[in-house]
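Student: I would like to know how the terms used for a structure are justified. Can we go through them one at a time?

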Amino acid sequence: MQSKDHWEQIYTAKAADELSWFQAHAELSLRLIRNAGTPLTASIIDVGGGASTLVDDLLASGHENVTVLDLSGAALAVAQARLGSRAAAVKWLEANVLDAELPAHAYDVWHDRAVFHFLTDAASRAAYVRQVAHAVRPGGHVIVATFGPEGPTKCSGLDVVR
Ligand SMILES: C[S@@+](CC[C@H](N)C(=O)[O-])C[C@H]1O[C@@H](n2cnc3c(N)ncnc32)[C@H](O)[C@@H]1O
């Protein structure tokens, strides 16, 4: 099964809060973004944001320039429905992070929770790093959360690299 089909099926089959990675609030991510000294005007992208509530809390904190990118349109639709009219304040990109057309040096903060570890081949990891170098403003912050050496070998039924 192609990766996009996998993720569309996951987000269609279950409610977002039934998924193993669901967080009512992405506390650690919010803290890391805050600790980076991110101003409310900063451009933030949540890569593979899926149906995460991070965007809700960023908007609630007053962040004005938030982008959520995900392979799955179903995941983005869940987040948009939850946000209601506030969804219009967010830029939504249904795309693969590896080949998405991202603006150059546009993002002050690149946030990825549990996406990079799905890149099990070196060529994909290199493509990801190229996207980061292209899209993040020099001096910007890159926050990537993946499984550590003791973590699970699979996530959402897919192999991961720890
Ligand atoms: C384990 S979930 C984590 C979702 C979210 N970051 C969170 O913390 O709730 C992984 C997410 O990455 C997305 N994803 C996987 N591979 C991707 C890719 N190559 N490009 C963009 N999104 C991807 C999936 O659709 C899914 O929403």
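Student: Which elements of the protein have the lowest and the highest mean pLDDT?
Tutor: Strand 6 (residues 154-155) has the lowest, 92, and strand 1 (residues 43-47) the highest, 99. pLDDT is the predictor's confidence in each residue, from 0 to 100. This is a predicted model, in which local features need pLDDT of at least 70 and side-chain atom pairs 80 or more, while totals for chains, interfaces and linings use all residues. Residues are numbered from 1 along each chain as its sequence is written, and side-chain values use heavy atoms, without hydrogens and water.

Student: What makes strand 6 a strand?
Tutor: Strands are DSSP runs of E with at least two residues, numbered from the N terminus; strand 6 covers residues 154-155, so it qualifies.

Student: Why is the pair between Arg113 and the ligand called a polar contact?
Tutor: A polar contact is a pair of N or O atoms within 3.5 Å; within protein, one must be able to donate a hydrogen and the other to accept it, and residues adjacent in sequence count only if both atoms are side-chain atoms. A polar side-chain atom of Arg113 lies 2.6 Å from a ligand oxygen, so the pair qualifies. A ligand nitrogen is 2.8 Å from a polar backbone atom of Gly48, so that pair qualifies too.

Student: What is the make-up of the shell around the ligand by class?
Tutor: The shell has eleven nonpolar, six polar and two charged residues. Nonpolar means Ala, Val, Leu, Ile, Met, Phe, Trp, Tyr, Cys and Pro; charged means Asp, Glu, Lys and Arg; the others, Gly among them, are polar. Tyr11 and Asp70 are among the residues that come nearest to the ligand, so Tyr11 counts as nonpolar and Asp70 as charged.

Conventions. A residue is near a molecule or strand if one of its heavy atoms lies within 4 Å of it. Helices (H or I, at least four residues) and strands (E, at least two) are DSSP runs, numbered from the N terminus.
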